[in-house]
Amino acid sequence: MTNMVENVPESDKRVLKSIAPLFIIVILFIIAGKFAITQITNVRGQISVAKKNQSVLTDKLKTLRSVALVSESGSSIALTALPKSNPSLQVISQLKMLASTNLVIIEGLRSTVSDGSTDEISHVKTSFNLIGPRDAVTAFIKGVDTIAPITFVEKMDLVEDTGFGSASITTKTYFASLPKTIPTVTQPITDLTASEKDLLTQIGKLSQSVIDIPAASSTSGINANPFGL
Amino acid sequence: MVLPLVLQCAINKNMQENLNLLPQNLQISKGLDSVLKTSKALGVILIVVFIVFSLGTGAFFIYSKITLNNVQTNVEQLKSQVKAQEGSEQQLVLLKDRLAKISSIKSTPNASKNIINMDILFRNMSPSSTMNQLEVTPTKIGVSMLIRSNEDLTAFIKNLKTNEMFNVVNLTSLGYSMNAGYSVIVSLSNK
């Protein structure tokens, strides 16, 4: 072996001696460069994600602080307009109040829950007969749109004789289950849009039922079902 | 010291050339020599560049780590602040959910709009003309009327013509008697 090394020409030895460090440095460059780039890319990626979360959380905190009062009163109003459970009692109470206000006779009230729910929205159909002058009946019908929970006239058959009407009316009142979860901490949340604020103003004008419904839970701590009562 | 004559002549002859006292087997060509010198210089430069690169990337990595720690600390503080506002968040989520559903409900067809606007069918008609029967659904209005005079009939037809709510008007029945006047049954729909 020693003889083999001694037999290598001097020029080759010198070439090897000068090329070998270059080769080693290049290898080091590749290894260190790859390692450094991987590590730095990883850290920069983490910084990017953390900054995005920071931005989302800052906006979220700002939004939550600014809408705290509106969301507190608004959620109560919205829950009255669209309750979480069967609102038959509130509707019947509201219809009787409305009939009393418009001086018409209301009778034969019956309420049925419909199974034809869509998008977690269910409805109760309330049927009744209304007796009174046509103008009063019309005023009553117009008043149905102004009561909470949100109620619409589904169908009306009016028979009139000498200005005195007898109407068979079916109304539809909606209710919907509460959302099951809240967004994760880092999930963005947006403020109320102009149309949502407008809608909130509209439902805020609806006449409230004298029958109270319990408000949504707002206790602290993470609940599996945060809106459950 | 006296050099042999032959050696003196050789020295004189090579005075203009490089003196090479290395053994023949240790000699390398000029081209290879310059390549070796260049490679040595390149090696030194590469070592310097490598050291600078290593220090630079190291410094940048440390700076990035510090930045990451700062941002993560800030994120954790913000998370705790957001969690403290959880009650507001629940109410906002609830409010947005309700408003979205109410908006969806309001967009479904209902008879209320038809009932509220049905007055336009009876504009400019005298009280002597009466409505016998009215059936209202989200898509249709059926009216049975007793119209006492030609003027009221003209006004009713005009109201039907000018209404913008229903684009289909069917005259189901039209009768006339000298005593009662016109008996009209009309069906309006927006199909």
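Domain bounds come from an automatic or database domain assignment. Residues are numbered from 1 along each chain as its sequence is written, while chains are lettered from A and ligands numbered from 1 in the order of writing. The model is predicted: local features need pLDDT of at least 70, side-chain atom pairs count only at pLDDT 80 or more, and totals for chains, interfaces and linings use all residues.

**Exercise 1.** State which domains chain B has and what separates their centres.

Solution. Start with the bounds. Domain 1 of chain B covers 30–108, and domain 2 covers 111–189. Now take the centres over C-alpha atoms. They are separated by 72 Å.

**Exercise 2.** Find the residues joined by a cis peptide bond.

Solution. Look at A148(A) and P149(A). The bond joining them is cis, with omega about 0°. Next, place P149(A). This residue sits in the chain A loop between α4 (134–144) and β3 (151–161). Here helices are DSSP runs of H or I with at least four residues, strands are runs of E with at least two, and both are numbered from the N terminus.

**Exercise 3.** Describe phi, place and exposure for L103(A).

Solution. Phi first: L103(A) is not a glycine, yet its phi is positive, near 55°. Place second: L103(A) is in the loop between α3 (88–101) and β1 (105–113) of chain A. Exposure third: L103(A) has 11 C-beta neighbours inside 10 Å, so it counts as exposed. The cut-offs are 20 or more other C-beta atoms within 10 Å for buried, 12 or fewer for exposed, and in between for partly exposed, with C-beta atoms placed from the backbone.
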